[in-house]
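Biologist: I'd like a close look at a single part of this model rather than a tour of everything. Could you put it up so we can go through it together?

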Amino acid sequence: MDYLTNLGETFFDWKIIGDVLPSMFAVGLPNTLVLAISSGIIGTMLGMLLALMGISRNPVARWIARGYTDIFRGLPAILTILAISLGFGPVLREFTGITSPYPMGVAALSLISSAYIGEIFRSGIQSVDKGQLEAARALGFGYGPSMRMVVVPQGVRRVLPALMNQFIALIKDSSLVFTIGVTSRERELFQIGQDTAANTGNLSPYVAAAIFYLALTIPLTHLVNWIDARLRTGRAQDRAEKIEPDEAAAVVGKGAHG
Amino acid sequence: MSQFSSGSLEAKGIHLAFGSNRVLRGIDLNVPAGTTASVIGPSGSGKSTLLRVMNRLIEPDAGDILLDGTSVLKENPDILRRRIGMVFQQFNLFPHKSVGENIAFALRKLRKLPKDQARAEALEQLDLVGLRHKADVRPSTLSGGQQQRVAIARALAMKPEVMFFDEATSALDPELVKGVLALMTDLAQGGMTMVVVTHEMGFSRNVSDTVTFMDAGVVVESGPPGQIFDAPQTDRLQRFLSDVL
């Protein structure tokens, strides 16, 4: 029973958890959100650019997008974050006087996520029937407007769930920014947990951080599922009028015995 | 009297190859203003490709295309395509836009009509194909025949001088073919210049002014429907007709 009591105290020391909560709310949560949201937005914009380059008719653009994606998807996130921050941090300081590595953390997360988001967008755009581009062009739209107004909106809609999953991954990956050594006001959830754990010799601060992460990611995961289901059933409802009775019955009928 | 501002269309010596695959080998096609030319032939003969070359969705390797007597190869292809309406086998309506918006959208963006005027014209076009009451639903709720009629309305809304139909009834259930063919017949009789790639021999014989039979990238025979269907000159056309009729 001693072991159980020990484990309980190691992970669930409520006093320590209570003590760490204020700084998690005041510092950790805002920083995690700023890191995830800003790199999510930049990553989405860069990702769209990569996707359009990846399907462009210009071989140089395709080649650049391919190379970029291969590199940033192929590297461990922590390596990219360290290399970008330590490598470009001094350059940033030189030109802007900003000494904090925090912006470089955002940049590194953006670069990483854009490689994944680019692939998500590309697969969505390429899944749109070729007839859509042809129809838009036949009406008299140029290639650019056809893509922008007809093809891309349909492709993006299809990959919204995958895009949301990428954002969830970004919330978790933002914890890696602790490796670049930010100031105490710039610490995100994980680092506050880690620092407090080091100070108290107890793992309960990690549990507090975990609760924060789960409070962010679990609702988002369910939001993804909800969007996904809505996109699917939305289409099914659209078609409902056209479905023949025997077609609708097939699921229960033939399927059940098969 | 034509209710459309139809133009003539002429293709001269069109050649096109995809790598070593020579899809079109010197095609000539002459469609006087206000007439309907149907193009028949076996699958893979290059009929659909010919349509796409004539509105420059695919650029020809050689030859010329004259719209209203003027070569269009030097023109901006986007402007050219506004003058030629095209209807596809798979309808290709935009699924993320309502039926009305499928039509109004191009009017706003390309003909630069103000929003309410674009909407009004879209409804007017839908009225002509009997689907005004479907303006606010998504295309996927319509039957194939209705979708194809919307696609025709969408093309007509651009006030084209020529209409292309690429096997417009091939993807339809048999009972829905009639309505679309009736609409196409109305257009032809209204004086629209039309090029109709089709497997509907009845339509080809009864509605078109000329019939062109293509096989393996060349025009094998061309002439008025009576001649093509009742007195085919070549073996290939005779064989084709005995296969499809």
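Why is strand β8 of chain B largely enclosed by the rest of the structure? Take me through its surroundings, then on to whatever else in chain B you can describe.

Modeller: Sure, and keep in mind that this is a predicted model. Strand β8(B) covers residues 193–197, and five of those five residues are buried, so the strand is largely enclosed by the rest of the structure. You can split the burial by face. On one side sit T193(B), V195(B) and V197(B), all buried; on the other are M194(B) and V196(B), also buried. That split fits the usual pattern: in a regular strand, side chains alternate between the two faces of the sheet. Here both faces of β8(B) are covered.

Now for the strand partners. β3(B), residues 36–40, runs parallel to β8(B) and is joined to it by four bridges. In that pairing, V39(B) stands opposite V197(B). β7(B), residues 162–166, is also parallel to β8(B), this time with five bridges. There, F165(B) is the residue opposite V196(B). So V197(B) and V196(B), both buried, turn up again in the pairings, because each has a partner across from it: V39(B) for V197(B) and F165(B) for V196(B), in a strand that is largely enclosed.

Chain B also has an open sheet of four strands, in the order β2-β1-β4-β5, with antiparallel pairing. Its edges are β2(B), 21–31, and β5(B), 70–71, each pairing on one side only. Next to that β2(B) edge, β1(B), residues 9–18, pairs with β2(B) in the antiparallel sense over eight bridges. If you want a spot to click on, E10(B) stands opposite N30(B) in β2(B).

Then there's the contact with chain A, which takes 28 residues from chain B and 20 residues from chain A. The two chains bury about 2000 Å² between them, with carbon and sulfur atoms giving 59%. F94(B), H96(B) and T141(B) supply 23% of the area that chain B buries against chain A, more than any other three residues.

As for charges and polar groups, the interface has two salt bridges. One pairs R52(B) with E134(A), with the closest N and O atoms 2.5 Å apart. Seven residue pairs are in polar contact across the interface. On the chain B side, the elements giving two or more residues are α2 (77–82), β6 (84–87), α3 (99–109) and α5 (144–157). By class, that side has 12 nonpolar, seven polar and nine charged residues.

Note on methods. Residues numbered from 1 in each chain as written. Chains lettered and ligands numbered in written order. Predicted model: local features only at pLDDT ≥ 70, side-chain atom pairs only at ≥ 80, totals over all residues. Heavy atoms only, no water. Contact = heavy atoms within 4.5 Å. Buried area = accessible area lost by both parts, 1.4 Å probe. Salt bridge = Lys/Arg side-chain N within 4 Å of Asp/Glu carboxyl O. Polar contact = N/O pair within 3.5 Å; in protein donor to acceptor, adjacent residues only side chain to side chain. Nonpolar A, V, L, I, M, F, W, Y, C, P; charged D, E, K, R; others polar. Buried < 20%, exposed > 50% of the residue type's maximum accessible area, 1.4 Å probe, protein only. Pairing = 2+ DSSP bridges.
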